[in-house]
Amino acid sequence: MRIVVLLKPVPDPGEERLGDDGRLDRSVSAVINGNDEYVLEAALKLVEAHGGDVTLLSMAPDNLTDPIRKALAMGATRALLVSDPALAGSCAWSTTQVLAAALRTLEFDLVLAGDDTSDGGAGVVAAGVAALLGLPYLSRAQRIEPVDGGIRVERLSPTGHDVLEAVLPALVVGTQLLGEPRYPTLRGIMGARSKEIAIRTLAEIGLGDGAVGGARATTALLEALPPSPRNAGRIVREPDPTVAAAAIVGFLVERRAI
Amino acid sequence: MAGGIWVVGEVDGAGALTKLSREAATAGRALGEASGREILGVVVADEPDAAAASLADFLPNVLAVRAAEAAGRAAAAVVASRVAALAAAADASPAYFLLGATPDGRDTAGMLSARLGIGVLANATSLAWESATGVVPDGPRVEVQPWGGRIQTRSGFTADAGIILLRPNMVAAAPLAARGRVADGPSGSVSDVPVVRVVERVVVESPGPSVEEARVIVSGGRGVGGPGGFVALTELAGLLGGAVGATRAAVDAGWAPYAIQIGQTGKTVKPALYLGFGVSGAIQHKVGMQTSDTIVAVNSDPDAPIAEFADLFVIGDQAAVVAALTAALRARAG
């Protein structure tokens, strides 16, 4: 099975900040987006069990290759990184166009993406990619397994899960429930050094006409403020639980929370 | 005439309109009044009538689209395809779409954005109509608290078009004085959607208030010590009319289901009251709950990070405090 994993390098959660231009500062240390690690793990398990290979697809500045190198060390076969100065400040719609165009240059049976990202969090890109490519779309996966000619996915629902089936090629969005990602082995890390990260510009994936990117952003940030500061908290150091509970009740009454 | 505002209603497993869709309709109506734009509700489902009737409690005009192809199919692709087709065919074409920021809402929004070539602003905590400024024309301004609430942003669309995904509890749902009218949309079947069959629907829990919609959350972490601790938290949550939440550590230990995990790879919540027991407040959990109005935490470790952002931090044995608090609230309720 030929699998493409959409992998986003994101700032270390808790370290995100805006640059002077009002855009996400991508000079801070980058990691693999949390949810993307789970689908990468699922992809590696699928090819271990059924054969095939795993291609990583990212859109990011070309200095953010550390997370991609780590994913190669975990066991991915190769990587395609779309990188272009015109992409700085891209909105979710642009990202969708770029990933879909890059996928058109690849051969695959299955595309996997993580549930949402810690730096943007809209969680809308993968669905858009599926719509542009006309792929069956199966999201919120807690389990992915091949069936004859297709794929079966358990999709989380508000009350449990739905069992979904579709033919391949398809696009599946996965969650943490797919399982804990592996750590790269020393052998994996050594091996990753010789694996290819192919870097492509927008023109090289057929989007060189200025139709996407920061200059064509569909949304604009108007204002960014720090959150309203929290007042310093009150601390109760009380060995008797009944007294401690009374202190909590008193506080909640004072706050009109009960 | 300037483009209208469409509220795309979401239908739950039982065919009813979701609570968040009622809130989206209320927010959409306010946007319609502020802008003078027309507002329309749209429900797409194999059996849309019940949900469309509910949406008409909140909106003057609702379109019920009976989509035969939605039966036994994953919903979002069908909804996006139908709404995009309606938008293209409408006499007064819509400029803005409002949906709830649910899994289905996000899936539908992503597909609509790609099909219509318009932007998405997700996870709105506040919404207002404002006049043009800089690169953005007259239109909705959307406030969001990304990065776990470490920043608050206000954004707009660069064209007179866009899709907005609303967080739960942004507004209180307010019905119209006189209910609106439901019209039938085009029926029949549409075949341009790749088939995703629902083979089985597995129900493992009764649908209570979701952790994202709850006004009160009683949350447990590793310090709760085991599944028995969550039984005690469930009782406490019941007394407070709230939902139970959990940290990643508690979910990984198998004490609580992933559906109630709060944090970076779980849910983001913003309740009026968050009570954390045995929760350390590590960054992965903090980003999912730190914008809660009031935070109370009980932990035996005086150096737990949650002490830095809790409004009330109680140093003590969480199990004993849960028991005493449960007894105190029971006594109060009389």
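**Exercises on strands and helices**

Helix α6 of chain A and helix α9 of chain B are oblique to each other (angles under 35 degrees count as roughly parallel, over 145 as roughly antiparallel, 65 to 115 as roughly perpendicular and the rest as oblique). This is a predicted model, in which local features need pLDDT of at least 70, side-chain atom pairs count only at pLDDT 80 or more, and totals for chains, interfaces and linings use all residues. Residues are numbered from 1 along each chain as its sequence is written, while chains are lettered from A and ligands numbered from 1 in the order in which they are written.

**Exercise 1.** Describe how α6(A) packs with α9(B).

*Solution.* Begin by locating the helices, which are α6 (residues 241-254) of chain A and α9 (residues 318-333) of chain B (DSSP runs, numbered from the N terminus: helices are H or I of at least four residues, strands E of at least two). Next, take the geometry: the helices pack at an angle of about 55°, with their axes 8 Å apart (axes are lines fitted to C-alpha atoms, for helices over the stretch in contact, and angles run from 0 to 180 degrees between N-to-C directions). Finally, turn to the residues in contact (C-beta atoms, placed from the backbone, within 7 Å), which include A:Ile248 and A:Val249 of α6(A) and B:Leu325 and B:Arg332 of α9(B).

**Exercise 2.** Find the strands that pair with β7(A), and give the sense of each pairing.

*Solution.* Two strands pair if DSSP finds at least two bridges between them. Strand β7 (residues 137-147) of chain A pairs with β10 (residues 170-174) of chain A in the parallel sense over three bridges, and in this pairing A:Leu138 has A:Val172 as its bridge partner. With β8 (residues 150-157) of chain A, β7(A) runs antiparallel and is joined by six bridges, where A:Pro146 stands opposite A:Ile151. Then look at the hairpin of β7(A) and β8(A), which has two residues between the strands and in which A:Gly149 takes a positive phi near 75°.

**Exercise 3.** Work out the strand order of the seven-stranded open sheet in chain B, and place helix α3(B) on it.

*Solution.* The order is β5-β9-β4-β1-β2-β3-β10, with parallel pairing. At the edges stand β5 (120-124) and β10 (181-184) of chain B, each of which pairs on one side only. The twist averages 25° from one strand to the next. Within the sheet, β1 (residues 4-9) and β2 (residues 39-45) of chain B run parallel and are joined by five bridges, and B:Gly9 has B:Val43 as its bridge partner in β2(B). Helix α3 (residues 75-89) of chain B packs on the sheet, touching β1, β2, β3 (61-66) and β4 (94-100) of chain B, and its direction makes about 140° with that of β2(B).

Conventions. Two residues are in contact if their C-beta atoms, placed from the backbone, lie within 7 Å.
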